[in-house]
Amino acid sequence: MLIQKEMKLADVLHHDHNLVPVINRFDIHLGFGEATIEEICEDKKINREFFLTILNAYHDHQYFPKKHLQSFPASSLVNYLSKSHRYYLNEKVPEIESYIDDLKENKDLNTETYLLLKNFFGQYKTELTQHIEREENLVYPYVGQLEKYIEKGIVDRSFLEEMEAYSITKYEEEHDDVEAKLYDLKNIIIKYLPSTGNDSSYYKVLRELFMLENDLNDHSRIEDHILVPKVEAMEFTIKNMRTNDA
Amino acid sequence: MPERLSVILIEGSYLLQSGIQSLLSEFPGMRVTAIFDGSEKHLAEKVLAKKPDVLIIDPNTANLELLSFLREIDANNGMQVIGLISNETPDNVVSRFPHVLNFFECKYDLLESLKAILGKRILSAGKSTNNQNLSEREKTILTEIVLGLTNQEIADKLFLSIHTVTTHRKNLTNKLGIKTVSGLTVYALINKLVDIHDIEHK
């Protein structure tokens, strides 16, 4: 289903309730009654094209926005991506940690195994945090600079050189290593934990891990298909701009 | 862990993208890892970075500089390049590709052509490897990995070539479905292949 501006947001959520955290990142919260997407965007001063692009990209894995990329500023995209980072680190990860803590209550599981899992997830958390920090400290400010120069219409030569050294294309290659740990953790829980006859506490952890993995996949799809092409187009514009030798 | 074949698709048409994906889903081990519409900058670089097993290209994709693209990805390592052609595709385009699929063929023929191109790999993909249990040698190597030794150090210690160690390492990772050293560590501890004190003192 292609999500369009005339639709009621309530109908969209009936169709795909996984979009609730997504609309939250736009500061939209449940309780909007019969309002359409168009009305909500107007009311909340949200860039409609951008909102629709994000909803569709999450909802339909094959969605390629192509021509709509120009209709919103890169800064809103970066702002959105940072908010979803906060969601992973401040909500999802602690949630999973608390489910892992609940494994303690399972009398059949020995403390040693419980600690192994806890520790392993701790390592994963550290890596995820580092990965996110690198994006926020390196990539996002870079996008902000590109936007600033495009607005000014003139670019410093020193920045051009910097741009040659670090292009967004490189960044694409950097971000698929954190996934391996998450994959391993799922496999260990499914295949190698000692059988205890009571899977409900395992299942809770597992369900959350699959959900987090899904979220992160959606997130990197948005980076690959929306952020990267948009930034590449900006880099291209800047390369053809007047330079300021200062 | 079942072997997987990763596929990259270069296809500008949404209808053809969906059609090809539906066709590939007939093989449980094939997975489309990325779709490009041909307009991307540095396309060859992006494709190569993802190291796909199979690359399917529609030469009719608008905005695609086919010749220079094929030249850039030419130095491929084990990547199968398949051109998506029709009855009308000129011979000089067809001959650019090591393999082709004709999208006017019926489903059965398309699947047979894919099997012919990808051979055994496509059939073993998606099926679990036989004999999931680790051999004694693999267990020894797993233990050394967990204790923090590099491939070279393991090779020296066990009087093996580094190539043999790498192969064992790859096999045991595939069997267990665990890729990271910390994941292997958890496995080894649960199965009492190593003692927690050995790891703490490494």
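**Exercise 1. Find how far apart the centres of domain 1 and domain 2 of chain A lie, and how many residues each gives to the contact.**

Step 1. The centres of domain 1 and domain 2 of chain A, taken over C-alpha atoms, are separated by 22 Å. Step 2. Contact (heavy atoms within 4.5 Å) takes 14 residues from domain 1 of chain A and 14 residues from domain 2 of chain A. Step 3. Domain 1 covers 9-66 and domain 2 covers 73-244 of chain A; such bounds come from an automatic or database domain assignment.

This is a predicted model: local features need pLDDT of at least 70, side-chain atom pairs count only at pLDDT 80 or more, and totals for chains, interfaces and linings use all residues. Residues are numbered from 1 along each chain as its sequence is written, chains are lettered from A in the order in which they are written, and side-chain values use heavy atoms, without hydrogens and water.

**Exercise 2. State what area is buried between the two domains of chain A, and which three residues supply the most on the side of domain 1.**

Step 1. About 1,300 Å² is buried between domain 1 and domain 2 of chain A (accessible area, 1.4 Å probe, lost on putting two parts together, summed over both). Step 2. Carbon and sulfur atoms give 65% of that area. Step 3. Arg25(A), Phe50(A) and Tyr58(A) supply 49% of what domain 1 of chain A buries against domain 2 of chain A, more than any other three residues.

**Exercise 3. Count the salt bridges between the domains of chain A.**

Step 1. Apply the rule: a side-chain nitrogen of Lys or Arg within 4 Å of a carboxyl oxygen of Asp or Glu. Step 2. Across the interface of domain 1 and domain 2 of chain A, 0 salt bridges are found.
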